[in-house]
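Subject: A structure for you to explore

Hi there,

Here is the structure I promised to pass on to you. Have a look at it first, and then read my notes below with the picture open beside you.

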Amino acid sequence: MLSACSSSLPAPPNGDPQVVRDRLAAAGDIPYSAALKAVTQSGTERLQLMEGRVNLNAPFTGRTTDMTEQYTEDVVITRQKVYRCATGTHGPWQEFPASAAKGGIPTDRLPAYVRLMLDHSASVHQDSEPVRVSARLTPEDIESVDRAVGRNLRPATTIDAEAWIDDEGRVVRVRQKIHFASAPDIEGTITFTDFKDAVPIKAPVGS
């Protein structure tokens, strides 16, 4: 009954894309940090949870904890490399190039990602704050913003992307539903909160 009632409501009017472009253009260029929560799931099954604090408006760096059913790892992200180590152990840190650790969302190029959505007939939802933008993209579209992320998404057919932009021009949330020709959809959501000054990030001791 709830879904029937909900579906009878009129869709909110499409907002003005220029509102979003103006917010992005007015955003400050000073680096800052934010608390990050990233969830990847398939249906109701959670595949991965990442939480921590990262730097934005600058090369993407930070410290997080990455959790799946198989492992929990501490992660340190520097400009050049990503370091991973099992949480609660004193084992060696595994070292990877920063580009090799990228997933399916261009986290260090979010304003460009939102502009890409606007260039692909995005819908702008101004019925609440922050303003929400949604568009259907392909891996090739995303590759034009971030080559590594686009390549990671190549097995997908399309990506339904959403982003929320606050009144200071910050991208505070991104959600992607990734569709495949012969596999279940995967949904990824990143949320940024608790904005503060940028924090220094160094390679872990012993790496």
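Let's begin in the middle of things: strands S8 and S9 run antiparallel and are joined by seven bridges. One pair to look for is Val-133, which stands opposite Ala-163 in S9. Please keep in mind that this is a predicted model.

On its other side, S8 pairs with S7, again in the antiparallel sense, over three bridges. Here Val-133 turns up once more, as the bridge partner of Val-124. A hairpin of five residues connects S7 to S8. Pro-130 sits in that loop between S7 and S8, and the peptide bond leading to it from Glu-129 is cis, with omega near -5°.

Is S8 largely enclosed or left open by the rest of the structure? Five of its seven residues are buried, so S8 is largely enclosed by the rest of the structure.

**The whole sheet**

Now zoom out. These strands belong to an open sheet of eleven, in the order S6-S5-S4-S3-S2-S1-S11-S10-S9-S8-S7, with antiparallel pairing. As a reminder, strands of a sheet pair through backbone hydrogen bonds, either parallel or antiparallel. Which strands stand at the edges? They are S6 (94-97) and S7 (123-125); each has a single partner strand, so one side of each is left without a neighbour in the sheet. From one strand to the next, the twist averages 15°.

Further along the order, S10 (residues 171-179) and S11 (residues 186-197) pair in the antiparallel sense over six bridges. In this pair, Lys-177 has Glu-187 of S11 as its bridge partner. Helix H3 (residues 110-119) packs on the sheet and touches S7, S8 (131-137), S9 (158-165), S10 and S11. The direction of H3 makes about 70° with that of S8.

**Two helices side by side**

H3 also meets another helix, H2 (residues 17-26): their axes come within 11 Å and cross at roughly 160°. That angle makes H2 roughly antiparallel to H3, because angles over 145 degrees count that way. The crossing of H2 past H3 is left-handed. Which residues make the contact? From H2 they are Pro-17, Val-20, Arg-21, Leu-24 and Ala-25, and from H3 they are Pro-111, Val-114, Arg-115, Leu-118 and Asp-119. Sorted by type, the contact of H2 with H3 has seven nonpolar residues, three charged and no polar ones.

**A few loop residues to click on**

- Ser-121 lies in the loop between H3 and S7. Its phi is positive, about 55°, although Ser-121 is not a glycine. With a relative accessible area of 70%, Ser-121 is exposed.
- Asn-57 is found in the loop between S2 and S3 (61-67). Asn-57 has a phi near 60°, a positive value in a residue other than glycine. Its relative accessible area is 37%, so Asn-57 counts as partly exposed.
- Thr-44 belongs to the loop between S1 (32-42) and S2 (45-56). Thr-44 counts as exposed, at 85% relative accessibility. Its C-alpha atom is separated by 29 Å from that of Leu-116, and the two residues are 72 apart along the chain.

Enjoy looking around, and write back with any questions!

Best wishes

Definitions and conventions
Residues numbered from 1 in each chain as written. Predicted model: local features only at pLDDT ≥ 70, side-chain atom pairs only at ≥ 80, totals over all residues. Heavy atoms only, no water. Pairing = 2+ DSSP bridges. Helix = DSSP H or I, 4+ residues; strand = E, 2+ residues; numbered from the N terminus. Axes fitted to C-alpha atoms, helices over the stretch in contact; angles between N-to-C directions. Contact = heavy atoms within 4.5 Å. Buried < 20%, exposed > 50% of the residue type's maximum accessible area, 1.4 Å probe, protein only. Parallel < 35°, antiparallel > 145°, perpendicular 65-115°, else oblique. Left-handed = near helix turned anticlockwise from the far one by under 90°. Nonpolar A, V, L, I, M, F, W, Y, C, P; charged D, E, K, R; others polar.
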